[in-house]
Amino acid sequence: MSAHLTPLFAPEGVAVIGASRQPGKLGAAMARSLAPFPGTRALVNARRPDPDEGVYASVAEAADQAGGRLDLAVLCVPAAGCADALAEAAAAGCRAALVCAGGFGEAGPEGEQYAKALRRVAEETGIRLLGPNTSGFFAPHLGLTASFVPAAGQLPAGDIAVVAASGGVNHALSFDLVTAGNGISLGVGIGAGLDVTAADVLEHLVGDRRTTAVALHVETVPDGPRLVAAVRQVAAVKPVVALVVGRSDVGDFARSHTGALATSWRTTRAALRQAGAVVVDDERELVDALTALSRIQLPPHRDPGLGIVTAQAGPGLLLADRAGTDGIRTPELAEATRRTLADLLPPLTYQRNPVDTGRPGETFARVLDATASDPQVDLLSVYALTEPDSVDLASAAQDAGLGAASPAVVVVGGLPEDVAEQRARLHKAGIPALTGPASAANAVRALVTHARQRALRDEGPLTETTATVPPGPLDEHAAKTFLTDLGVRTPDRVACDSRADAHHALRLLGGPVAVKVLDAAILHKTEVGGVHLGVRTPDELDAALDAIGPGRRYLVEAMAPPGVDLVLGVRRDPVFGPVVLAGLGGTAAEALADVAIRLAPLSAAEAASMPGDLAARALLDGWRGGPVLDRAQFGRVVSALAAALAASPDTAEIEINPLRLTADGLIALDAVIVPTADRT
């Protein structure tokens with residue numbers, strides 16, 4: 001079905017089906033909202049037509065009388081009548097429809113039948129359908145408010161689009177964005193998404209010149225690859241800020257140890273982030289991020305430097321503290337910059353970064369310019385109170401050349417009316433103005449994240465491999481042989497068919513060794529007593545073999561040196577397809593869900609960034625004299641593993657657990673490869 005949504009979001013004419021004179025009715029509210037629309041507008045009520053008042057018995061009659069094309073039908077009728085009304089609208093020439101009513105799939109079997117009938121009409125006629133179960137959409141630039149929320153008609157036009165799973169969230173985010181000094185280009189509540197989905201709207205926004213940034217709210221994902229592709233298209237030309245609902249969803253994501261750590265919420269966030277979206281934790285952060293990203297952006301940069309200028313020391317400390325928590329670099333200013341600042345500021349002020357000006361004076365603009373011009377500073381964060389007798393903050397920021405060419409976020413503190421005036425002037429100059437240190441920190445994090453993601457996107461192609469997983473089932477020895485072929489180091493080992501072979505292997509390898517049952521059907525060997533470590537002597541070997549039991553095959557393997565254990569797995573997610581998960585091994589990682597997730601295939605550079613997502617990443621950087629992870633080597637291993645799964649449709653999962661980081665690098669101590677047919 002065509003993704004062309006102009007008849008929906010920019011119609012020449014609108015028909016309200018189910019228009020009513022009773023003020024409390026949906027049809028009456030929608031008719032009032034659409035009254036200011038400058039295009040053709042027609043009202044339809046088959047039960048109570050009144051042509052003298054412009055209310056017609058059918059869409060066809062309304063179209064004949066309206067004198068203009070009716071592209072959009074707004075259905076304000078109960079669920080049971082929606083399919084017939086949609087068919088009537090399509091027959092009369094409408095090319096898009098909005099269905100606000102509930103009572104469909106969420107209402108049980110009867111409602112599901114209504115939904116199927118509605119979808120069938122859309123498929124047969126080609127009419128594009130937004131909804132059902134949504135409060136609508138609005139396009140302020142066009143004077144088009146297809147929403148039954150009265151205040152939506154007062155939203156100012158601007159350049160931020162909102163694409164929300166929920167109609168209520170669409171309105172809530174739009175109102176919050178406007179309160180923060182922004183305007184809306186398009187606000188859409190997807191609702192049930194029987195036809196038009198978030199991916200459709202995102203694709204529409206790629207070429208929308210009015211929109212400079214997009215807010216995306218996600219609850220469920222019907223088609224992961226499609227959504228990722230759409231986000232990637234938009235993010236290539238304008239920022240996307242995404243809020244994903246479902247943090248507490250820890251459902252049965254997978255039976256395996258790897259999958260059990262990766263909830264759908266985490267996977268969705270990771271997928272959108274990898275596609276180029278700036279993923280935020282709550283609606284406040286979303287508003288702050290868009291307030292900044294709709295006005296300024298940093299060039300692609302792996303590690304942008306933040307300069308802080310504050311006219312009050314305490315708020316400056318808050319900004320600096322949060323930057324440290326967010327992993328944002330606040331470099332010491334160059335000596336030349338400090339000499340300039342020393343000539344502009346009192347001697348007792350701190351001038352290395354953050355720059356504490358004390359009470360701002362006439363040199364404030366030059367302080368801003370000098371700090372922003374430092375070679376290590378890519379972004380400036382400024383805090384000051386409104387003190388008209390001391391400094392005009394908006395004028396100082398403009399005099400310093402802050403804006404698109406010299407990116408900065410500014411916090412204006414003071415009484416609401418004073419702050420509003422300063423913020424309006426700053427925004428007009430293209431300088432994001434925030435309401436407090438926390439909001440400024442949110443904006444800074446979004447700008448830095450956006451720059452880092454763009455830099456990562458520009459680094460290197462996807463790994464191309466001709467390696468495919470051999471047909472299974474594969475035991476641990478076969479799985480490790482495959483990993484070795486991919487370039488993953490594994491311990492020296494011998495696969496043994498008998499006790500005599502095992503004793504020969506012990507003599508060949510020398511002690512200590514690990515002795516394991518070798519059986520592709522046993523995925524968790526320790527649970528059946530199938531793993532014995534530190535075996536040194538023939539007697540210890542016999543004891544281990546007796547414990548494993550007769551009639552088995554065995555794997556005798558050299559013990560690995562100590563180190564830090566990781567878990568690395570690639571699997572097929574039911575929504576997004578092949579995904580990669582990496583985390584610290586052991587029960588702590590599982591309990592804390594401290595994992596990094598990416599879609600597969602992925603570049604080695606993208607894979608190398610995964611350890612940076614982990615809260616326990618310090619353990620990989622030589623903690624207390626321990627080994628240091630070679631990020632590039634890790635990236636190559638992960639990328640090769642992901643490419644192999646993507647190229648092997650008959651493989652459901654590959655897991656290395658543990659993948660041990662030693663002084664000599666990474667080594668895979670255990671490996672499981674699960675064929676698709678074995679996955680339940």
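A residue counts as exposed when its relative accessible area is over 50%, and as buried when that area is under 20%. Keep these cut-offs at hand for the exercises below, and remember that the model is predicted.

**Exercise 1. Decide whether Arg624 is buried or exposed, and describe its backbone.**

Step 1. Find its place: Arg624 sits in the loop between helix H22 (604–608) and helix H23 (631–646).

Step 2. Apply the cut-off. The relative accessibility of Arg624 is 78%, so this residue counts as exposed.

Step 3. Look at the backbone. Arg624 is not a glycine, yet its phi is positive, at about 50°.

**Exercise 2. Work out which residue precedes Pro354 in a cis peptide bond, and describe that residue.**

Step 1. The bond joins Asn353 and Pro354, with omega at about 5°.

Step 2. Place both partners. Pro354 belongs to the loop between helix H13 (335–344) and strand S15 (355–356), and Asn353 also lies in the loop between H13 and S15.

Step 3. Check phi: Asn353 shows a positive value of about 120° although it is not a glycine.

Step 4. Check the cover. With a relative accessible area of 8%, Asn353 is buried.

Step 5. Now look at another cis peptide bond, the one that joins Gly131 and Pro132, where omega is about -5°. Pro132 is in the loop between strand S6 (128–130) and S7.

**Exercise 3. Find the aromatic pair in the structure and say which parts of the chain it ties together.**

Step 1. Searching the whole structure gives one aromatic pair.

Step 2. Its members are Phe9 and Phe137, with 5.1 Å from centre to centre and 80° between the planes. Planes over 60 degrees apart count as edge-to-face, and this pair is edge-to-face.

Step 3. Map the partners. Phe9 is in helix H1 (residues 6–9) and Phe137 in strand S7 (residues 136–139), so the pair links parts that are 128 residues apart in sequence.

Step 4. Ask about solvent cover. Phe9 is buried at a relative accessible area of 4%, and Phe137 is buried as well, at 0%.

**Exercise 4. Describe the surroundings of Gly158.**

Step 1. Gly158 is part of strand S9 (residues 157–164).

Step 2. Its relative accessible area is 16%, so Gly158 is buried.

Step 3. List its contacts beyond four places in sequence: His141, Gly183, Ile184, Ser185 and Arg210.

Step 4. Add a distance. Thr212 is 54 residues away from Gly158 along the chain, and their C-alpha atoms are separated by 9.1 Å.

**Exercise 5. Summarise the whole chain, and say where to read the model with care.**

Step 1. Count the elements: the protein chain holds 23 helices and 28 strands.

Step 2. Give the dimensions. Along the principal axes, the C-alpha atoms fill a box of roughly 100 × 75 × 35 Å.

Step 3. Consider burial and contacts. Of the 680 residues, 54% count as buried. Among contacts with a separation of 6 or more, 71% come from residues 24 or more positions apart.

Step 4. Turn to surface and charge. The accessible surface is about 27,900 Å², with 52% belonging to carbon and sulfur atoms. There are 58 positive and 77 negative side chains, and the centres of the two sets lie 1 Å apart.

Step 5. Check the confidence. The average pLDDT is 91, and 94% of the residues score at least 70. Over residues 249–262, however, the pLDDT is below 50, and this stretch has 37 contacts in the model beyond near neighbours in sequence. Where pLDDT is low, the predicted coordinates should not be read in detail.

Definitions and conventions: Residues numbered from 1 in each chain as written. Heavy atoms only, no water. Helix = DSSP H or I, 4+ residues; strand = E, 2+ residues; numbered from the N terminus. Buried < 20%, exposed > 50% of the residue type's maximum accessible area, 1.4 Å probe, protein only. Contact = heavy atoms within 4.5 Å. Areas by Shrake-Rupley, 256 points an atom, 1.4 Å probe, with all protein chains shown as cover. Lys, Arg positive; Asp, Glu negative; His and termini not counted. Charge placed at Lys NZ, Arg CZ, Asp CG, Glu CD. pLDDT = per-residue confidence, 0-100. Phe/Tyr/Trp six-rings, centres within 6.5 Å; stacked < 30°, edge-to-face > 60°.
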